[in-house]
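Here are my notes on the model you sent, set out as numbered points. Please read them with the structure open beside you.

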Amino acid sequence: MDDMIENLKAVLKKYWGYEEFLPLQRPAMEAVVRGRDSIVVLPTGGGKSLCFQAPAVTTPGMAVVISPLISLMKDQVDALSECGVYAARLDSALPGKEREVVYQLIEHKVLKLLYISPERIFSDGFIDYLKKSQLSFVVVDEAHCVSMWGHDFRPEYRKLGMLKEAFAGIAIHAYTATATEPVRKDIAEQLRLENPEILVGSFDRPNLVYKIERRQNVMQQVCAVLDRHANESGVIYCIRRVDVDGMCEELSRRGYRVLPYHAGMADDDRKKNQEAFIQEKVNTIVATVAFGMGIDKSNVRYVIHAGMPKTLEHYQQESGRAGRDGLEAECCLFYSGGDYGVWQSIITGMEPNAKSIALNKLRDMYDFCTGVTCRHRAILHYFGQELDKDNCSACDVCLGELDCLEDSLIPAQKILSCIKRLDERFGADYTATVLVGSREQRILENQHDHLSTYGLLSQHSKRIVRDWIEQLAAQGYAKKIGEYNILKVTEKGRLVLKGLETPRLLKPAKKAAKEAAKESKIGRQSWEGVDRGLFDHLRTLRREIADEKNVAAFIVFGDAALRDMARRRPSMRDGFLQVSGVGEKKSNEYGSIFLAAINTYCAEHSLPMDITPVRVMSPYESDQESLSVPSQARQKAFALFAQGISPEEVAVAVDRKDSTAKQYLVEFIKREGVDHPSPWVDDAVFQRVADAAKTINEERLKPIFDSLNGEVSYDDIRICMACLKNQIEEE
Ligand code: ADP
């Protein structure tokens, strides 16, 4: 048993460069290795693929993975090949010649994983063919497609039930990100699983920072998000195609590089735009819901909804495309009552049963928008789970961007009593108009200016009062009835009128909704110790390599791996292998080029290298804070520098390169405020550097190096400059 785990851990490290399992990965892998059927439900980004990919490597034979989407299969196979795991796919998009190669690989028992579409597995004698190869196990990915209760039922998945019989004695493992209890049961039945191990993770996506705002000036709101994610990938969802086109046009006019995607475009154009996004040639896609299926780009850092989706299921799925790599990502939703109206008019045409379900879902969605409870909690609750912490630290409510009124009882009573005075015959907009004391014609005509509640909230804007009404409805103190959303005071609302219960009402945000994703705890953790300049530099390098290889950028290295590189800043191969997400193959393939880039960048920017950070937690793990600490080697080096030992001797003593020891020295000088470089640099040399620095008046090293005709090394210039800086600070 321990051997099995050790084996899996070794594989995790060797091929993927990961040290630990994510939650549920270990039991999920155990089920696979032991050959017990399983159903695993983990959220997007929860690390499902590794649950079966790692055991596929440790188990003799070839695993078959059935997956509904060709683009996903391609990405998975590309990613596995990059890690050095033998994998291939068989689907209709694969040219005949390549298909032949795959057959040969199967026959020569080279493959560890074979990805195929459900149609393929049932095609001409393929099952018999597979029976002859040594099958290790079968995985049904996106297994919710098996169930009619799921949101994406696929008839061809129904036939997968016969696999159990076809491959007697071979375990089947079903994986999905979304499966309620009935769907799980259905999956087990449809696939005829035998006493399956059922593992259900939390649906929570702790790395997503949710922010919901009423739509005011949508362009301004959208641009604010884009500006805080310059150079990062993201998606803007609009409700209709015309909105996509309008948004694209306006953003382009303002100088943002964006591309559209919707079902009204020619297939080729859509494909081109999608590829440009995946290859990171463009950072932002503006799209309808048509965009997203089959895209598993891991480093989407923001998803903006410029309009409200019609259900929380849609919202969860679309916003869930952000942050698949587990790093922080921001999900901003800009809604308005108008969106409610648009969806409502679409729903009106449905048959009565479906209409009532759809309307309820729409209300839940709108209540979520106007609500004032933690967004993570609200989403989880909707899907039947509870949040296991008081504060998610990752939504506008918990981040304190929304301030609550100190005394919300009085305004709440005023609102509810106005609803009553209006005989519960009017909607939110009208009620707010009365409360702010408007002289609008319709109010005067109805003589509602004579009501005792008229103008009771005239010190507030109508928009704020409208928001409060929505908040009261979302908390169940009032409800909206019928097609026109007439307001009624509920039983709970009556308690408020009697002063027995106090709702929460928000006052408009004081703290600007800035940088929320980066300010969130997860954001802070995942950026801890990362040099952002170096991260950007490595990102460019990654894109160039991906372009050349014609693979998606994140297949080369994910953002998490690049951040860890920019955090550890390894100078040599052994340090590079310590980076999370760098396995042996990637180290061999990209080590030299990335190490060269890191060394040069660190030299040019006087950055210390070979940092050993305390492990940065995945957001799915415990939420302990982490900190970079000086490595033991650096601490030892500092002690030696304090005794005036030369960098060359220190390099030997701490077993590092000379250049690393010199960087340690620069850091030692900065830390200790040393203002003269002897005994490490001659007085005369120091004087020359000081003169040059004065004349050139620049912090960059190259102009100084050039002006000294290359006679003083970069290392010496760096040491001198650090001392000069300390002199200035002393003055
Ligand atoms: P899912 O299929 O559940 O959406 P993935 O399998 O794509 O999730 O994994 C999400 C991200 O987490 C990927 O970037 C993956 O490389 C990373 N990951 C998976 N397992 C681990 C692990 N044990 N340690 C660190 N990162 C991991």
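**Notes on loops, ligand site and helix packing**

1. Pro-679 sits in the loop that runs between H32 and helix H33 (683-696). The model is a predicted one, and in it the peptide bond leading from Ser-678 to Pro-679 is cis, with omega near 10°.

2. A second loop residue deserves a look when you check the backbone. Leu-24, which is found in the loop between helix H1 (2-16) and helix H2 (25-34), has a positive phi of about 75° although this residue is not a glycine.

3. Turning to the ligand, 15 residues surround it, and the closest are Tyr-18, Glu-20, Gly-45, Lys-48 and Ser-49. Ser-49 also places a polar side-chain atom 2.6 Å from an oxygen atom of the ligand.

4. The backbone takes part in the ligand site as well. A polar backbone atom of Gly-47 is 3.1 Å from an oxygen atom of the ligand, while for Gly-46 the distance from a polar backbone atom to an oxygen atom of the ligand is 3.4 Å.

5. For the helix pairs, it helps to recall that two packed helices are described by the angle between their axes and the distance between the axes. Helix H31 (residues 647-654) and helix H32 (residues 658-672) have axes that come within 8 Å and cross at roughly 110°, which means that H31 is roughly perpendicular to H32. On the H31 side the contact is made by Pro-647, Glu-648, Val-650, Ala-651 and Val-654, and on the H32 side by Asp-658, Ala-661, Lys-662, Tyr-664 and Leu-665. Sorted by class, this contact of H31 with H32 has seven nonpolar and three charged residues, with no polar ones.

6. The other pair is formed by helix H18 (residues 409-421) and helix H19 (residues 428-435), which pack at an angle of about 115° with their axes 10 Å apart. Because angles of 65 to 115 degrees count as roughly perpendicular, H18 is described as roughly perpendicular to H19. The crossing in which H18 passes H19 is right-handed.

7. Which residues of H18 and H19 meet? From H18 they are Lys-414, Ile-415, Cys-418 and Ile-419, and these meet Thr-431, Val-434 and Leu-435 in H19. By class, the contact of H18 with H19 has five nonpolar residues, together with one polar and one charged residue.

Terms used:
Residues are numbered from 1 along each chain as its sequence is written. This is a predicted model: local features need pLDDT of at least 70, side-chain atom pairs count only at pLDDT 80 or more; totals for chains, interfaces and linings use all residues. Side-chain values use heavy atoms; hydrogens and water are left out. Axes are lines fitted to C-alpha atoms, for helices over the stretch in contact, and angles run from 0 to 180 degrees between N-to-C directions. Helices (H or I, at least four residues) and strands (E, at least two) are DSSP runs, numbered from the N terminus. Angles under 35 degrees count as roughly parallel, over 145 as roughly antiparallel, 65 to 115 as roughly perpendicular and the rest as oblique. A crossing is left-handed if the near helix is turned anticlockwise from the far one by less than a right angle, and right-handed if clockwise. Contact means heavy atoms within 4.5 Å. Ala, Val, Leu, Ile, Met, Phe, Trp, Tyr, Cys and Pro count as nonpolar, Asp, Glu, Lys and Arg as charged, and the others, Gly among them, as polar. A residue is near a molecule or strand if one of its heavy atoms lies within 4 Å of it. A polar contact is a pair of N or O atoms within 3.5 Å; within protein, one must be able to donate a hydrogen and the other to accept it, and residues adjacent in sequence count only if both atoms are side-chain atoms.
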